[in-house]
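Biologist: Please take a close look at the aromatic pairs in this structure. How are the rings arranged, and where do they sit?

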Amino acid sequence: MLFVITAIDKEGSLQLRMATREAHFAYVKATGALRLGGPFLDVNGEMAGSMMIIEVADLAAARDWQTNDPYAKAGLFQSSDLRPWKATANFCEARL
């Protein structure tokens with residue numbers, strides 16, 4: 001099942017994001033759940049949040065994945081949202 005995580009970084013937390021980025025990517029690779037993702041950008045083009053589409057068995061697994069993401073564990077996000085999602089338009093042919 002697919003889920004979308006949208007998260008907004010705490011103000012002034014770019015250094016925390018960069019310090020945690022390697023651990024985040026290692027987690028993403030180790031779990032194999034991420035299907036598509038990337039950072040939101042602020043008006044200056046700096047990373048300021050995340051959008052991730054993950055594929056896991058159910059809502060409980062999605063919450064577990066979200067909670068264990070090193071970004072979340074580091075306290076990077078001021079807010080985050082998790083929602084079930086269904087791909088209905090995929091014109092870029094992403095492998096979801």
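Modeller: What follows goes through the aromatic pairs and then turns to a residue elsewhere. The model is predicted. Searching the whole structure gives two aromatic pairs. In one of them, the ring centres of Tyr27 and Trp65 are 5.1 Å apart and the planes meet at 40°. Planes under 30 degrees apart would count as stacked and those over 60 as edge-to-face, so an angle of 40° makes this pair tilted. The pair joins distant parts of the chain, since Tyr27 belongs to helix α1 (residues 14–31) and Trp65 to helix α2 (residues 59–68), 38 residues apart. Both partners can be placed by their accessibility. Tyr27 has a relative accessible area of 15%, under the 20% limit, and is therefore buried. Trp65 is buried as well, with a relative accessible area of 4%.

Tyr71 and Phe77 make up an aromatic pair with an edge-to-face arrangement: the centres are 6.1 Å apart, with 85° between the planes. Tyr71 and Phe77 are both buried. The ring of Tyr71 also has a charge over it: the charged end of Arg17 sits there, 4.7 Å from the ring centre.

Lys29 offers a contrast in accessibility. Lys29 lies in helix α1, the helix that also holds Tyr27. With a relative accessible area of 74%, over the 50% limit, Lys29 counts as exposed because of that value. Between Lys29 and Ala60 there are 20 Å in space, taken from C-alpha to C-alpha, and the two are 31 residues apart in sequence.

Key: Residues are numbered from 1 along each chain as its sequence is written. This is a predicted model: local features need pLDDT of at least 70, side-chain atom pairs count only at pLDDT 80 or more; totals for chains, interfaces and linings use all residues. Side-chain values use heavy atoms; hydrogens and water are left out. Rings of Phe, Tyr and Trp (its six-membered ring) pair if their centres lie within 6.5 Å; planes under 30 degrees apart count as stacked, over 60 as edge-to-face and the rest as tilted. Helices (H or I, at least four residues) and strands (E, at least two) are DSSP runs, numbered from the N terminus. Buried means under 20% relative accessible area, exposed over 50%, partly exposed in between (1.4 Å probe, protein chains only). A charge sits over a ring if NZ of Lys or CZ of Arg is within 6 Å of the ring centre and within 35 degrees of the ring normal.
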